[in-house]
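Me: Could you take one part of this model and guide me through it closely, strand by strand where that helps? I should also like to know what empty space is found around it.

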Amino acid sequence: MSQRGRVSSLLPDFPWDTIASVKARAAAHPDGIVDLSVGTPVDPVDPLIREALAAVAEVPGYPATHGTPQLRAATVDALKRRYGITGVESDAVLPVIGTKELIAGLPRLLGLGAVDLVVIPEVAYPTYEVGVLLAGARVARADGLTQLGPQSPALIFLNSPSNPTGRVLGVDHLRKVVAFARERGAIVASDECYLGLAWDERAVSILDPEVCDGDHTGLLAIHSLSKTSNLASYRAGFVTGDPELVRELLEVRKHAGMIVPFPIQSAMTAALGDDAHEARQRERYRARREILRKALQAAGFRIDHSQAGLYLWSTRGENCRTTLDWLADRGILAAPGDFYGPTAAEHVRIALTATDERIAAAVARLS
């Protein structure tokens, strides 16, 4: 094998490539496709954020890898104001080039390799496993700590609220994970990109005082502005938590030139300082969720978990690819559950990220 193909050979097929034919089938619908397969925002970026981006467009110099003091201060304030997360140090905030980049690179950034075990959720966004494979480490899918037996992982990925299932991990569960990790010397990286989109249950951060008793040692919380601020195209996210771990990540990222552009940092600062635009976007998703959930249930789907997030984790009690075909015949595209793990083969992930007009079209077709 050539050097050029060695890394790509470690990775699975890119999941969305496997549904190209189904997408074409859905697109053939006379009224066009309703694409509910991806969680990409469709609503506009708030003017306040766009203005902050444009205001610094003429700045020519290199930005700071650590982010501006204003961005880090806005992050600390927003975490406390929106989620009740206290004790975060400004120096322990690090902007990242979208959280997918961080998740895929985190095992390598932490120096993990072949001897290390990384735990990911049983049903999980594919990037967790990709990050482990890229580092050459070993992967275990486990939701319960007893599944690991005597093994001592180096890193435990959590995702609450979950993508794809919308499942929310409660305080008791999170406390057990933190205690387990500290007993065995593991780092916990909690992907909290959907924390601001809880519907039926309260979602809490790994950094919440109820979970960690105010001690962030060994803990990392990963947050994105893609979902609640519609900044997917900006690649705007951050990681925070244990100051020592964040310093380690900062040093590696400085050497590697992994820097969030300065205009994006300015836009992030504006977004984190304003809760009104976030509340408006949340209401859009709430309304879409309500009508789509009812239509799916009326059409014979059972919706599991889905207490939070941007997806309805749905099943007709059959193989997910059969369900995918059923939806495609109606011009609707979803994501098959087998993207997310071997135990999810009877579910499809149906996103709320479509315009009101397209959601209404989906509802009409399901009826």
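Reply: The account below begins with one sheet, passes to the spaces lined by its strands and to its loops, and ends with a second sheet.

The model is predicted, so local features need pLDDT of at least 70 and side-chain atom pairs count only at pLDDT 80 or more, while totals for chains, interfaces and linings use all residues. Residues are numbered from 1 along each chain as its sequence is written, and side-chain values use heavy atoms, without hydrogens or water.

The part chosen is an open sheet of seven strands. Its strands (DSSP runs of E, at least two residues, numbered from the N terminus, as are helices, which are H or I runs of at least four) follow the order β2-β8-β7-β6-β5-β3-β4. The pairing in this sheet is mixed; two strands pair if DSSP finds at least two bridges between them. At the edges stand β2, residues 93–96, and β4, residues 138–141. Each of these two strands pairs on one side only.

Within the sheet, β6 and β7 deserve a closer look. Strand β6 covers residues 187–191 and pairs with β7 over four bridges. The two strands run in the parallel sense. One position to find on the display is S190, which stands opposite A221 in β7.

Which helix and which strand each supply at least two residues of the lining of the largest cavity? They are helix α4, residues 69–83, and strand β7, residues 219–224. A cavity is a set of points on a 1 Å grid over the protein atoms alone where a 1.4 Å probe fits but cannot get out; a pocket is an open set with protein on both sides within 12 Å along at least five of seven lines; and lining residues have an atom within 4 Å of a point. The structure holds one cavity of 30 Å³ or more. The volume of the largest cavity is about 140 Å³ (the space filled by probe spheres set on the points, which are joined across faces, edges and corners). Sixteen is the number of residues that line this cavity, and the closest to its centre are R82, Y83, H223, S224 and T228. Helix α4 provides the largest share of this lining, with four residues. By class, the lining of the largest cavity has eight nonpolar, five polar and three charged residues. Here Ala, Val, Leu, Ile, Met, Phe, Trp, Tyr, Cys and Pro count as nonpolar, Asp, Glu, Lys and Arg as charged, and the others, Gly among them, as polar.

Strand β5 of the sheet leads to another space, the second largest pocket. About 360 Å³ of space lies in this pocket. It is lined by 24 residues, of which P121, E122, V123, D143 and R167 are the closest to its centre. Strand β5, residues 155–159, and helix α7, residues 171–184, each supply at least two residues of the lining. The strand β5 gives the most to that lining, namely four residues. The lining of the second largest pocket divides into 13 nonpolar, eight polar and three charged residues.

The loop that links β5 to α7 contains both P161 and P164. What is the form of the peptide bond from S160 to P161? That bond is cis, with omega near -5°. A cis peptide bond also joins N163 and P164, where omega is about 25°.

A further loop, between β7 and β8, holds R235. Strand β8 takes up residues 237–241. In R235, phi is near 55°, and this positive value occurs in a residue other than glycine.

It is useful to set a second sheet beside the one just described. This other sheet is also open and has four strands, in the order β9-β10-β13-β12, with antiparallel pairing. Its edges are β9, residues 302–304, and β12, residues 335–336; each has a single partner strand, so one side of each is left without a neighbour in the sheet. Strand β10, residues 311–315, is joined to β9 by three bridges, and these two strands run antiparallel. The residue I303 has S314 in β10 as its bridge partner.

To return to the seven strands, the main elements to locate are β7, which helps to line the largest cavity, and β5, which helps to line the second largest pocket.
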